[in-house]
Amino acid sequence: LLASYSAGYVCHWHVSTGQQLNTIVEKRQTMAVASGPDGLTFASTGSDAKVLVYDGTTMDLLHSLEPSMSQSVMDGHMSRVFALCFHPSDPRILLSAGWDDTVQFWDTREEHSVRKISGPHVCADALDIDPTTLNIVTASWR
């Protein structure tokens, strides 16, 4: 079980024994975590608008996905991110959503977001992809 804590902790727990297996301390408020479909990676996101992708075995940081410095292109989040999910069958594709009224599409082979949907103001862990239809579901504060 992965759990995120607003104090910046990402903890990996063994469910049946209740033992904490690993802890990562991030220098931000961590708002959401998601496990990759392959079980080999996981990602976290939070107050700094970055999506961090980790190796699930070594706990090493693999990718830091973030917007470019360009003010004219929104290729990443501009505010807190509260929701995160992996594509159901491709561990390189992630979606994230938050206070900036966007759902961002990330590909770990690219430096910045590759696509966005504008509209949903997501304030909680409220983002998923249906594995059968690949429809995206969000819950918006508005």
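**Exercise 1. Find the polar partners of the serine 96 side chain, then work out where this residue sits and whether it counts as buried or exposed.**

Solution, step by step:

1. Start with the side chain of histidine 77: the serine 96 side chain makes a polar contact with it at 2.6 Å. Keep in mind that we're working with a predicted model here.
2. Now look for a second side-chain partner. That's tryptophan 106, whose side chain is in polar contact with the side chain of serine 96 at 2.7 Å.
3. Place the residue in the fold: serine 96 belongs to strand S9, which spans residues 93–98.
4. Check the accessibility. The cut-off for buried is under 20% relative accessible area. Serine 96 has 0% relative accessibility, so it counts as buried.
5. Finish with the neighbours. Leaving aside residues up to four places away in sequence, serine 96 touches Val51, His77, Val81, Ala83, Leu84, Thr102, Val103, Gln104, Trp106 and Leu127.

**Exercise 2. Val51 turned up among the contacts of serine 96. Trace the pairing around strand S6, which covers residues 51–55.**

Solution, step by step:

1. Look at the cover on S6 to begin with: four of its five residues are buried, which leaves the strand mostly covered.
2. Go to strand S5, residues 41–46. S5 and S6 run antiparallel and are joined by five bridges. Within this pairing, threonine 45 stands opposite valine 51.
3. Inspect the link between these two strands. The hairpin of S5 and S6 has four residues between the strands, and alanine 49 there takes a positive phi near 70°.
4. Move on to strand S7, residues 61–65. S6 and S7 are also antiparallel, with four bridges between them. Leucine 52 has serine 64 in S7 as its bridge partner.
5. Inspect the hairpin of S6 and S7 too: five residues lie between the strands, and methionine 59 has a positive phi near 70°.

**Exercise 3. Give the strand order of the open three-stranded sheet, and say which strands are at its edges.**

Solution, step by step:

1. Read off the order: the strands of this open sheet go S1-S2-S3, and the pairing is antiparallel.
2. Pick out the edges. S1 (2–4) and S3 (20–25) each pair on one side only, so to speak the rims of the sheet are these edge strands.
3. Add the twist, which averages 20° from one strand to the next.
4. Zoom in on S1 and S2 (residues 9–13): their antiparallel pairing runs over three bridges. Here alanine 3 stands opposite cysteine 11 in S2.

Note on methods. Residues are numbered from 1 along each chain as its sequence is written. This is a predicted model: local features need pLDDT of at least 70, side-chain atom pairs count only at pLDDT 80 or more; totals for chains, interfaces and linings use all residues. Side-chain values use heavy atoms; hydrogens and water are left out. Buried means under 20% relative accessible area, exposed over 50%, partly exposed in between (1.4 Å probe, protein chains only). A polar contact is a pair of N or O atoms within 3.5 Å; within protein, one must be able to donate a hydrogen and the other to accept it, and residues adjacent in sequence count only if both atoms are side-chain atoms. Contact means heavy atoms within 4.5 Å. Two strands pair if DSSP finds at least two bridges between them. Axes are lines fitted to C-alpha atoms, for helices over the stretch in contact, and angles run from 0 to 180 degrees between N-to-C directions.
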